[in-house]
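Me: Could you take a close look at one part of this structure for me, the place where the protein meets one of its DNA strands? I'd like the contacts spelled out.

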There are 2 protein chains.
Amino acid sequence: MDSQQKNLHSSEMPAVCRVCDARHGGVCATLTPAQLFELNRHSTRRKVDAGNELIGQGESVSHYSNILSGVIKLSKMMADGRQQIVGLQFAPDFLGRPHLCESTMTAEAATETEICSFPRSLIERMANETPGLERKLHTQSLKELDEAREWMLTLGRKTAQEKVASFLYMIATHIDPDHGEQNTFDLPLSRADIADFLGLTIETVSRQMTKLRKDGVILVENNRHVTVPCLDRLSAAAGND
Amino acid sequence: MDSQQKNLHSSEMPAVCRVCDARHGGVCATLTPAQLFELNRHSTRRKVDAGNELIGQGESVSHYSNILSGVIKLSKMMADGRQQIVGLQFAPDFLGRPHLCESTMTAEAATETEICSFPRSLIERMANETPGLERKLHTQSLKELDEAREWMLTLGRKTAQEKVASFLYMIATHIDPDHGEQNTFDLPLSRADIADFLGLTIETVSRQMTKLRKDGVILVENNRHVTVPCLDRLSAAAGND
DNA sequence: TTCCCAATTTGATCGACGTCAAAGTTCTCG
DNA sequence: CGAGAACTTTGACGTCGATCAAATTGGGAA
């Protein structure tokens, strides 16, 4: 019975959604098949190359998106060009600030990214009709708030060494490892982006990476590929006790 | 008819709620009279002196609160004692992290504060039953997220001078001014708290306050009382263009 | 492969902010 | 009103991370 229900369920679902990761953990997980069909009718999937801007600071927002793969960086810029990355978003996060039409930041693809976009108004309406969706969006906002506050501690009180280690630790625990054994991954951000995230300069980031490497806390190949032999040592370098 | 409805409404409301500020703008504004009665039956109002801790980092949370007056500071502390204030909350904000039972920070009264507390479970249940309440909590989370990200920019990229000016500007625009004419107010935080908020030391905060005073951007009496003759000049000193 | 350009690293120097110390101010409470 | 404590300001000096400059590495195109 249960399996029959499931089959019925999946056959009622748009084909693209059936194989889409956002069904698991993303906002779509809260929608009924009928809603999925409606959303699907107005949604577009696309690939975005690294470095491309999705939303500009101060622009009005007409679309929200699900992140299907890749990493998005959210950043704020001052009039004189100083920049600060204020958040990173990974699949299957929801991209967009509910209940507000003008963006207060820039959203840019940090890596090659795949997104599924739909009209703002449609999501707003569905959120009103579907408590589960509103709740899901709320939950993600709270997660982002927790992360933002964690970074406030990092930005305000940690040393350059601890900042870089904290960043690596966050990436190591957010990216699915290539192997189960050792923790190894590609950095989704350039040194310049890491600097903008940590409130440092490129040079300082580089020096601290070198130091962590010489101390044996991390291994680095080709600048972007990092291996963490012992996550606890990295955590300690990050100042987490 | 409308006024009759209103009278009926207010007569059905708990007496304490009728004169309570949280009815305007607070979460209670979304509740029905019946819900207000139920909430009221399980709620306690109390005064908290400046410096008293409401929730400790790592503690499990059994109660949420409305802030009726005063200022609450939310802070995180590292194992070695370094501290960062990650948020300030003013009346009629809601105090508590929905959908999570363990607090990741300390909540402490910055000034004398009046709060109205109720059991966590009751709010969670009402949020499930009342889309408007869930929505209201969501809205506040988003506001806090916007503020947190604004502060990430301040912490990561602004100079000490700009940080102090940004703080004063934020307070000036959040506190109701004593007079309509000039912008004058009491600082809700000590120099030590301001330092913990801005990721600076007490001495640096003091020096920057002195500089802003000598530059005529602010007037200071008795350390705590500040007057801002021209809000635009303060805004400029804060680096907002 | 080889060249070229961008990204990263490394080095030398500087300055903003932290640290340490002491003096001054404001608040509290008897 | 006065004494003591807590908070704030001011000064001298040190340090971490920024700045400026140059060398090195890596990746993509011909």
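Reply: Here's a walk along the surface near DNA strand D. Keep in mind that this is a predicted model, where local features need pLDDT of at least 70, side-chain atom pairs count only at pLDDT 80 or more, and totals for chains, interfaces and linings use all residues. Residues are numbered from 1 along each chain as its sequence is written, chains are lettered from A and ligands numbered from 1 in the order in which they are written, and side-chain values use heavy atoms, with hydrogens and water left out.

Strand D has 19 residues around it, counting a residue as near if one of its heavy atoms lies within 4 Å. The closest are Ala160(A) and Thr204(A), plus Arg191(B), Ser206(B) and Thr210(B). By type, the surface splits into 10 polar, 5 charged and 4 nonpolar residues (Ala, Val, Leu, Ile, Met, Phe, Trp, Tyr, Cys and Pro are nonpolar; Asp, Glu, Lys and Arg are charged; the others, Gly among them, are polar).

Helices here are DSSP runs of H or I, at least four residues, numbered from the N terminus. Chain A brings α8 (202-214), while chain B brings α7 (191-198) and α8 (202-214), each with at least two residues. The largest share, 5 residues, is from α8(B).

On the DNA side, 69% of the strand D atoms within 4 Å of the protein belong to sugar or phosphate, and the rest to bases. Phosphate oxygens of strand D have a polar side-chain atom of Thr210(B) at 2.7 Å and one of Thr201(A) at 3.1 Å. Glu203(A) instead puts a polar side-chain atom 3.1 Å from a base nitrogen.

Note on methods:
Polar contact = N/O pair within 3.5 Å; in protein donor to acceptor, adjacent residues only side chain to side chain.
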